[in-house]
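Hi,

Here's the structure I said I'd pass along. Have a look at it first, and then read on for what turned up.

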Amino acid sequence: MARRPVAASVAVLLAAALALAVGTSAPASARPAKPKVTWSWNGSTWQSSGRPPACPSPLISSPVNLATAESRLLPGQFRGGADPMTDFKSHGGFGFPVGSGGVVTVTAPADGTLVKASRYLEGTGPELQYSLFVVMPCGYLYKFDHIATLGPALRGLDDQLPAAMQDDSRTTALARPIPVRKGAVLGATVGLAKQANYFIDFGLYDLRRLNSAARTNAEFRSQMAPAKEFAYYGVCFFELLPGAQAAQASALPLRGSESASYYCS
């Protein structure tokens, strides 16, 4: 049997090692590209790593099938008290009928990157809940809370999160951020089944500029300073949905009696 030249053998081994190092499970063109622009909170304001790309138009689509929702929550409200850190809700959301059993498909409303998340236990049950924070390169962030079961787009997320603890919803920055595509299924069930309370929180934040309340309302700006990371940047996402969806969402009755909002007119 003819011997392979030593130099050729070494070259083959090096090529194989390099292939293993970079991974060969999918061609480069099939792997999600890392975002060219990232956003981070520096303790005072949101900053981008470079010039943001233009935002898509429409900016977002509804993260749930609005025909299945029975109510909505407005973002930018105090609910339950006056503590800016615990009672001010920069997010809104949607409620669903008891008959739904919480089976609600939650989809990504826009392309982005999941950068942090939490899983925790809530209620006397207790029941597992997830919160998700997704950043869009153009300078928006959207968040979910009270997803009860993750969708297929987030397989492997549990591997990056600590064990769920009772009433401990602190977020974890992901060592391996997860790209998500618009329409990807992020959640399969929502809310608290043991309480037959089916809802999901959803918030949208324009990281590029202070919102109107923070710019024009000195009392709001002062009171919300401890929670400014999100309170200063939240927007009325109902107004940014595509026309038909915006009308459909706005026609939903309010969940609860609170109707005043710093974000929504």
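Let's start with one side chain: that of Tyr142 comes within 2.7 Å of the backbone oxygen of Ala110. Keep in mind throughout that this is a predicted model, so treat that distance as a computed one.

Tyr142 is worth a longer look. You'll find it in strand E10. Is Tyr142 buried or exposed? Its relative accessibility is 0%, and because buried means under 20%, Tyr142 counts as buried. Leaving aside residues up to four places away in sequence, Tyr142 touches Ala108, Pro109, Ala110, Leu132, Phe133, Val134, Met136, Val180, Phe202, Gly203 and Leu204. One of those partners, Leu204, sits 62 residues away along the chain, yet the two C-alpha atoms are separated by just 4.5 Å.

Tyr142 also turns up when you look at the nonpolar cores. The largest of them has 65 residues, and Tyr142 is listed with Phe94 and Leu157 as having the most contacts inside it.

Now for the pocket. The largest one has a volume of about 830 Å³. It is lined by 32 residues, and those closest to its centre are Met85, Phe88, Lys89, His91 and Lys143. Which elements give two or more residues to that lining? They are strands E5 (88-89), E8 (112-122), E9 (127-136), E10 (140-150) and E13 (198-206), plus helix H4 (228-231). So strand E10, where Tyr142 has its place, is on that list too. As for the kinds of residue, the lining divides into 12 nonpolar, 9 polar and 11 charged.

One more residue to click on is Ser61. It lies in a loop, the one between strand E2 (46-48) and strand E3 (71-73). Even so, Ser61 counts as buried, because its relative accessibility is 15% and the cut-off for buried is under 20%. Not counting residues up to four places away in sequence, Ser61 touches Pro109, Lys182, Leu241, Pro242 and Gln245. Pro109 is also among the residues that Tyr142 touches.

Finally, the whole protein. There are 5 helices and 13 strands. Of its 265 residues, 42% count as buried. Among contacts with a separation of 6 or more, residues 24 or more positions apart account for 72%. The Tyr142 and Leu204 pair, 62 residues apart, is a handy example to look at on screen.

Cheers

Technical notes
Residues numbered from 1 in each chain as written. Predicted model: local features only at pLDDT ≥ 70, side-chain atom pairs only at ≥ 80, totals over all residues. Heavy atoms only, no water. Helix = DSSP H or I, 4+ residues; strand = E, 2+ residues; numbered from the N terminus. Buried < 20%, exposed > 50% of the residue type's maximum accessible area, 1.4 Å probe, protein only. Contact = heavy atoms within 4.5 Å. 1 Å grid on protein atoms, 1.4 Å probe; cavity = no way out; pocket = protein on both sides within 12 Å on 5 of 7 lines; lining within 4 Å. Points joined across faces, edges and corners; volume = space filled by probe spheres on them. Nonpolar A, V, L, I, M, F, W, Y, C, P; charged D, E, K, R; others polar. Polar contact = N/O pair within 3.5 Å; in protein donor to acceptor, adjacent residues only side chain to side chain. Core = buried A, V, L, I, M, F, W, Y, C linked by side-chain atoms within 4.5 Å.
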